[in-house]
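Please open the model in a viewer and keep the selection tool at hand. The tour proceeds from the whole chain to its interior and then to one helix.

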Amino acid sequence: MKFENETQSIFINGKWRAVDSQNTDTVYNPATLEPITKIASGGKSEATEAIQTANKAFKTWSEMTGRKRSRVLYKAYELMLEEVNRLGEILTTEQGKPLKEAKGEIKGAANFLLWYAEEASRAYGEWIPSSVSSKRLLVIPQPVGVVGAITPWNFPASMITRKIAPALAAGCTVVLKPAPETPLSAIEIVKILERAGMPEGVVNLVTGDAEQIGTAMLTNKDVRLITFTGSTEVGKHLMRESADHVKKISLELGGHAPIIVFDDADLDKAAALTLASKFRNNGQTCICANRIYVHDSVKDAFSKKLTEKVKQLKVGNGLHEETDLGPLINEQASEKVQNQLDDAVKKGANIIHGGKKWNGGMDGYFYEPTILSAIDDDMLIMNEETFGPLMPIQTFTDEDVAIDKANDTDYGLAAYIFTETTNRAIRVSEKLEYGIVGVNDVFPALAEAPFGGIKQSGVGKEGGHYGMDEFLEKKYISMGIK
Ligand code: NAP
């Protein structure tokens, strides 16, 4: 795939620009490790200019009616859907996930544009019945202001529209910094918004030095909200540094999702969905299954069904039709997977399937889908986010013990249970300390639903009307009347 206009990756005040040709970053295809293109490496000055531009554009954009803002988002939704194939190919080329998943992500990304196009005219306020007869009390929602949005590489399209669409619907303006591994999807999304009629300065894109761009956002009073998706470590840094200006902050951070398979589960469904959750995007998903707890009485049947399915998975270049698992994003990710596996095996784990790097004649960091049993709680794999295709299976006999184990982590993003009993589904869902619980379901992320973690997995929600609330201040007006 050929990319034109290399280095033209910075978009400020409606103009694409490059920085000088010495100052570029190379984007690689993670399947082949071949360079795809170069992008501009912007820094403090570009970020600062983008913030000033967004601040200037805020007045006009925020004063437009929701209906008018909606039209731009709706048009962008249509344009994105028209281009699912091309955008999917770009996404796979820079990120590695199988093309079918990449196209699914583009459709999901477009859904955020649609949903918030509809929501733009529904930012309701409130009329509060007053306890004092000479007063009338109103609450009006107003856009927060300029938003600094920072996104990761694992979902390079949907993580952007999940932030930008509600921000724009609410009347905010945006400075976006995408991940350096996957800037091309970000560029395409901004071009779509441009074609959809987005006024100059409303969305600005700055690729480049994370530290400098982040610092420019954090130290500028005009940035009123930082919305970040990425690791808990970087999230904590942004939260700390946001304190100086008391910025609003919305954080979508790491996860360590447990799946609990009870003895009354539909085992075919549980095996199929556990596989889908674990190996989607090669395990590089914040809500993907990281720990599997299976009731002892169904362990053999469940493991057999699962292993049969895992054996059929094909590793390879995501651009090839038959591929189920693409490469890991980089060497560091591959080392983390190997390290967790070595640690587990050293501490007594059995490898049921897989267990090594996959060599299919490409230079990328591929790994076999791997199932492990005889798992102890002290193994690294049971205590850290894996972000790779390792599936540790542990057994339990008591419901409360399974819940305690599932909750025994600082993360609190998503948890899943498989049971055919409604009482158990409700009882266990209520006890799980997670922002999201999937009951016989591992794909909870939808544009209309609130997505977000508790504990050290994040602050705030994305998606649904909750997602738009993050970008709205509630102003209280107290009116004295005669
Ligand atoms: P990351 O290393 O935290 O990076 C995320 C973004 O933050 C990148 O654009 C990165 O740019 C930028 N960044 C890093 N340091 C920064 C700084 N000091 N100031 C400003 N920006 C900075 O995370 P990742 O490896 O890309 O993504 C994987 C993580 O994201 C996993 O932990 C995953 O669970 C989490 N995630 C969570 C959700 C959710 O919804 N909860 C969704 C997807 C992913 P550079 O790479 O240039 O440093």
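The stops below are given in the order in which they may be selected.

**The whole chain.** Begin with the entire protein chain, which is a predicted model. It contains 14 helices and 20 strands. Along the principal axes, its C-alpha atoms fill a box of roughly 75 × 65 × 40 Å. The radius of gyration is 23 Å, which agrees with the value near 23 Å for a compact globule of 482 residues. Of these 482 residues, 57% count as buried. A surface display would show about 20100 Å² exposed, with carbon and sulfur atoms supplying 48% of it.

**The largest nonpolar core.** Next, select Met80, Leu168, Val174 and Val203, the residues with the most contacts inside the largest nonpolar core, which has 59 residues. Helix H4 (residues 99-119) provides the largest share of this core, 10 residues. Apart from it lies another core of 34 residues, including Cys286, Ala289, Leu325 and Ala414.

**Around Val203.** Centre the view on Val203. Beyond its neighbours within four places in sequence, Val203 contacts Phe11, Ile164, Leu168, Val174, Val190, Leu193 and Met198.

**Helix H13.** Finally, select residues 422-431, helix H13, in which Arg424, Ala425 and Val428 are buried. These three lie on the same side of H13, because they cover an arc of only 100 degrees around the axis. To see what covers the buried residues, add helix H12 (399-407), strand E17 (414-418) and strand E18 (436-439), which are among the covering elements. Then rotate to the face turned away from the buried side, where the exposed residues Thr422, Asn423 and Glu430 are found.

Conventions. Residues are numbered from 1 along each chain as its sequence is written. This is a predicted model: local features need pLDDT of at least 70, side-chain atom pairs count only at pLDDT 80 or more; totals for chains, interfaces and linings use all residues. Side-chain values use heavy atoms; hydrogens and water are left out. Buried means under 20% relative accessible area, exposed over 50%, partly exposed in between (1.4 Å probe, protein chains only). Helices (H or I, at least four residues) and strands (E, at least two) are DSSP runs, numbered from the N terminus. The arc is that of the directions from the helix axis to the C-beta atoms. Contact means heavy atoms within 4.5 Å. A nonpolar core is a set of buried Ala, Val, Leu, Ile, Met, Phe, Trp, Tyr and Cys residues joined through side-chain atoms within 4.5 Å. The radius of gyration is taken over C-alpha atoms; the globule rule is 2.2 Å times the number of residues to the power 0.38. Accessible areas come from the Shrake-Rupley method with a 1.4 Å probe; for residues, only the protein chains shown count as cover.
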